[in-house]
Amino acid sequence: MSRSHTHAPYHHGGSVIHRMAPHLKIIAAFGFVVAVVITPREAWWAFGAYLAGVVAVSVAARLRPGFVVFRLAVILPFLVAAASLPFLEGPPTWHGFSIEGLWDLWNVAVKASLGAFASILLASTTEAPDVVRGLETLRLPRALTAIMGFMVRYLDVVGGELAAMRVAMRSRGYQPRWLGEVGALAKGIGSLFVRSFERGERVYRAMISRGYAGRMPLEETVHATTAMIAASFAVPFAAVCVALIAIGSA
Amino acid sequence: MSEPTIAVTGVGFAYPDGTVALRDVDLHIHPGERVALLGPNGAGKTSLVLHLNGITLPQTGSVQVSGIPVTAETVGEIRRRVGLVFQDPDDQLFMPTVRRDVAFGPLNLGLDHEAVAGRVAAALAAVEITELADRPPNHLSLGQRRRAAIAGVLAMEPEIMVLDEPTSNLDPATRRELAALLLRLHVTLLVVTHDLPFALEVCERAVIIDHGAIVADGPTRRLLADGVLMAAHRLELPYGMALSGE
């Protein structure tokens, strides 16, 4: 059976952003998001500056605008939920909408969008295993990074088993309708859980066969050059400065 | 004769539900030998294999690897010497990239990063997948994943490599390439397989196990040509294939 050859969030490319050390990109994305979150919602100009920053990075990463916008759709459910705020909060009002609610909607929308934009930049220029590697470099406990690594590794395997199971169900005359699909899928997921549990035992055997003794081995870390560090931190550093100015002027 | 790489003597094993998996098994494999372990489903092949590197310890009898008895205290050393290649490469390739997976074993041996890199490069070159080093295993074909799994074991520089059903689900061309690869490797081999032509091609000696006991041990061609023996243990050559014992 053929396998998935796509890692949906990742966008293949050889840009300078792609080549940066993963742990630096993680720090940069985290720093940028913190700057966005602490910025007062009234500082419109600051959010404009943040947008300019992430757009500049996406241009440097050679990402098509459509690629980013399509992936930004992931925050739509949050925006829909936040859209109720102008109706729920109390007076004073503007054309029947709560002014405080409108500010809250703006606050959620702009910060969620910019945060998601930064996450998309990280995920589209760093393959999932490298993100895990970056977290290892940042000294996240190896038990956690090992679990993340296994998840990244086996997501496609389990997804492939689920797809094969659904094909097998359809091949034997199962005609899925929405509600029926949910029931069959639930049974399938139960079965997949048992299979995955058994696979876990086999993987563990394979690990101990190659000397695993309860601790994942320490792998070589990626060394970042000074230039790479400076380039990685330019945007988040600027963002933090903007945030501090915005806080000071508020 | 040289000291056997594997010396299984009088090994017996029963699962907790009482199912007897191995009965008084004796098996000696010497350095440089390529041995096929044949038998029907449920014969005890996997149970025996799991005894060879201490994943399962014998309830009776003993297993020695190059003279070292397999015990709870020696399993670390034993697992360095006995490399197991599991049937499903997805069980074996658990790291995010091929290079990191092949490095897993040598890192566990406590080697420094330079030595690990050398072993990884040599193992990948031996199975001819150097160009796949930085690919995630799920982006590889089954044949490539099988090679990567073998590289992961070769990087441990084992004294014997045990392969469990190495040809399962492989297409004929990939199967032929795997046979050629195994014949090129200078390592003692134990190949557990139902694929009798593959056993004939790769292994000069075969051992048949059935109901947990070794029932035949000899040149692969002679055993496969013995129709009565084969039929008694539910082993069959593919349709149209006939062998003389010579």
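**Two chains, from domains to sheet**

In chain A, the centres of domain 1 and domain 2 sit 34 Å apart, taken over C-alpha atoms. Keep in mind that this is a predicted model. Below is a quick tour of the chain A domains, the contact between chains A and B, and a mixed sheet in chain B.

**Domains of chain A**
- Domain 1 of chain A is assigned to 16-134 + 223-249, while domain 2 of chain A covers 141-209.

**Where A meets B**
- Chain A puts 24 residues into the contact, and chain B puts in 28 residues.
- On the chain A side, helix 8 (128-137), helix 9 (142-171) and helix 10 (178-209) each chip in with at least two residues.
- Helix 10 of chain A gives the most to that side, with 8 residues.
- Sorted by class, the side of chain A that touches chain B comes out at 11 nonpolar, 9 charged and 4 polar residues.

**The sheet in chain B**
- Chain B has an open sheet of 6 strands, with mixed pairing and the order 6-7-8-3-9-10.
- Strand 6 (82-85) and strand 10 (213-219) of chain B are the edge strands, each pairing on one side only.
- On average, neighbouring strands of this sheet are turned by 20° against each other, direction ignored.
- Strand 3 (residues 34-38) and strand 8 (residues 188-192) of chain B run parallel, joined by 4 bridges.
- Opposite B:Leu37 you'll find B:Val192, in strand 8 of chain B.

**A helix across the strands**
- Helix 6 (residues 142-154) of chain B lies across strand 6 and strand 7 (160-164) of chain B.
- Relative to strand 6 of chain B, helix 6 of chain B runs at about 165°.

Definitions and conventions:
Residues numbered from 1 in each chain as written. Chains lettered and ligands numbered in written order. Predicted model: local features only at pLDDT ≥ 70, side-chain atom pairs only at ≥ 80, totals over all residues. Contact = placed C-beta atoms within 7 Å. Nonpolar A, V, L, I, M, F, W, Y, C, P; charged D, E, K, R; others polar. Domains from an automatic or database assignment. Pairing = 2+ DSSP bridges. Axes fitted to C-alpha atoms, helices over the stretch in contact; angles between N-to-C directions.
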